[in-house]
Amino acid sequence: MKSTQIEFVIFSLNECNLLAEAAESLRGFGLTVSVFADSRTRPEELEILRDRQVPFRVVDNSAAIPESMFVPMFKQVKSEWAFLLNVDEWPSPELVESVIREVSQVPDTVNVMGIPRKWLRFSETGRLEYSRFPVLLKGDYQWRVLRHRNLTYRAVIHTPGFVLDPSASIKLPRGNTLFHFDWIVHSLNTRKRKLTRYFQLSPPSARRFADIYLPENRPWAHFFKGLKNDEVVAVARRLQAASSDGSWVDE
């Protein structure tokens, strides 16, 4: 899977072992992987990236939310398109193939592509499962494939991080998936702290996302179903082992 039109962009704050593992999990796709660390990241965390020989760049985050990193990050991205990922996400090979195909053929009027996402957990018996929570069944589309130089950015929590023009956006089919491992790499207490921080910044979004971030509260509402995919299980286990259980609320 080769393309000079698009590269992966991943970023984090104080989760550098996980950041390094996430970068490694993406290298098999044949695309450039650009790694960025929040300027508030602790020196000992950055040393992890150096020890693991992961090239990275530190970018300013004066607003202290993930979305405020976008402008300084994308100024350093050379490809026309950026495939933006969090460190607790991994795209299926079919999704990457679909994205590469689309960026090579979409008209110049398209600047943003939405990709569907599945939230996964390991059950108490070790089975990998995905949520069928009603809201998530709609696809949980994320605006992550970006013709980044054409966008106007706005650092607002729980938004795409830029002004979304529906006429310049498309959604890819739901058959190809971005897998989300938040419940696997972050503990219940960490996710509770994250929701508390979100409530301080944006009370409506915190209330809206409570059931999603904390499936332990109402597991029956998620209608969990097993996912039989050895490759996804292996990636989930590697990211789980690399996690320091940090988050964006840690400084």
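A pocket, as the word is used here, is an open set of grid points where a 1.4 Å probe fits, with protein on both sides within 12 Å along at least five of seven lines. In the second largest pocket of this structure, that space comes to about 210 Å³. Keep in mind that the model is a predicted one. Below is a quick tour of two pockets, then of how helix α1 packs with two other helices.

**The second largest pocket**
- Its lining is made by R121, F122, S123, E124, W183, I184, R191, P215, E216 and Q240.
- Two elements, β7 and α5 (182–185), give two or more residues each to this lining.
- Sort the lining of the second largest pocket by class and you get four nonpolar, two polar and four charged residues.

**The largest pocket**
- The largest pocket holds about 940 Å³ of space.
- It is lined by 37 residues, and R117, Q142, R144, H158 and Y213 are the ones closest to its centre.
- Several elements supply at least two lining residues each: the strands β1 (6–12), β4 (81–85), β7 (117–122) and β9 (142–146), plus the helices α6 (188–201) and α7 (203–213).
- Helix α7 gives the largest share of that lining, with four residues.
- As for chemistry, the lining of the largest pocket has 19 nonpolar, eight polar and 10 charged residues.

**Helix α1 against helix α2**
- Helix α1 covers residues 16–26 and helix α2 covers residues 43–51; their axes sit 8 Å apart, at an angle of about 30°.
- Angles under 35 degrees count as roughly parallel, so α1 and α2 are roughly parallel to each other.
- The two helices, α1 and α2, make a right-handed crossing.
- On the α1 side, the contact uses C16, N17, L19 and A20, while α2 brings E45, L46, I48 and L49.
- Six of these contact residues are nonpolar, one is polar and one is charged.

**Helix α1 against helix α8**
- Helix α8 spans residues 230–242, and its axis lies 8 Å from that of α1, at an angle of about 160°.
- Angles over 145 degrees count as roughly antiparallel, so α1 is roughly antiparallel to α8.
- The crossing of α1 with α8 is right-handed.
- From α1, the residues N17, L18, E21, A22 and S25 meet V235, R238, L239 and A242 of α8.
- This contact between α1 and α8 splits into five nonpolar, two polar and two charged residues.

Technical notes:
Residues are numbered from 1 along each chain as its sequence is written. This is a predicted model: local features need pLDDT of at least 70, side-chain atom pairs count only at pLDDT 80 or more; totals for chains, interfaces and linings use all residues. Side-chain values use heavy atoms; hydrogens and water are left out. Axes are lines fitted to C-alpha atoms, for helices over the stretch in contact, and angles run from 0 to 180 degrees between N-to-C directions. Angles under 35 degrees count as roughly parallel, over 145 as roughly antiparallel, 65 to 115 as roughly perpendicular and the rest as oblique. A crossing is left-handed if the near helix is turned anticlockwise from the far one by less than a right angle, and right-handed if clockwise. Contact means heavy atoms within 4.5 Å. Ala, Val, Leu, Ile, Met, Phe, Trp, Tyr, Cys and Pro count as nonpolar, Asp, Glu, Lys and Arg as charged, and the others, Gly among them, as polar. On a 1 Å grid over the protein atoms alone, a cavity is a set of points where a 1.4 Å probe fits but cannot get out, and a pocket is an open set with protein on both sides within 12 Å along at least five of seven lines; lining residues have an atom within 4 Å of a point. Grid points are joined across faces, edges and corners, and a volume is the space filled by probe spheres set on the points.
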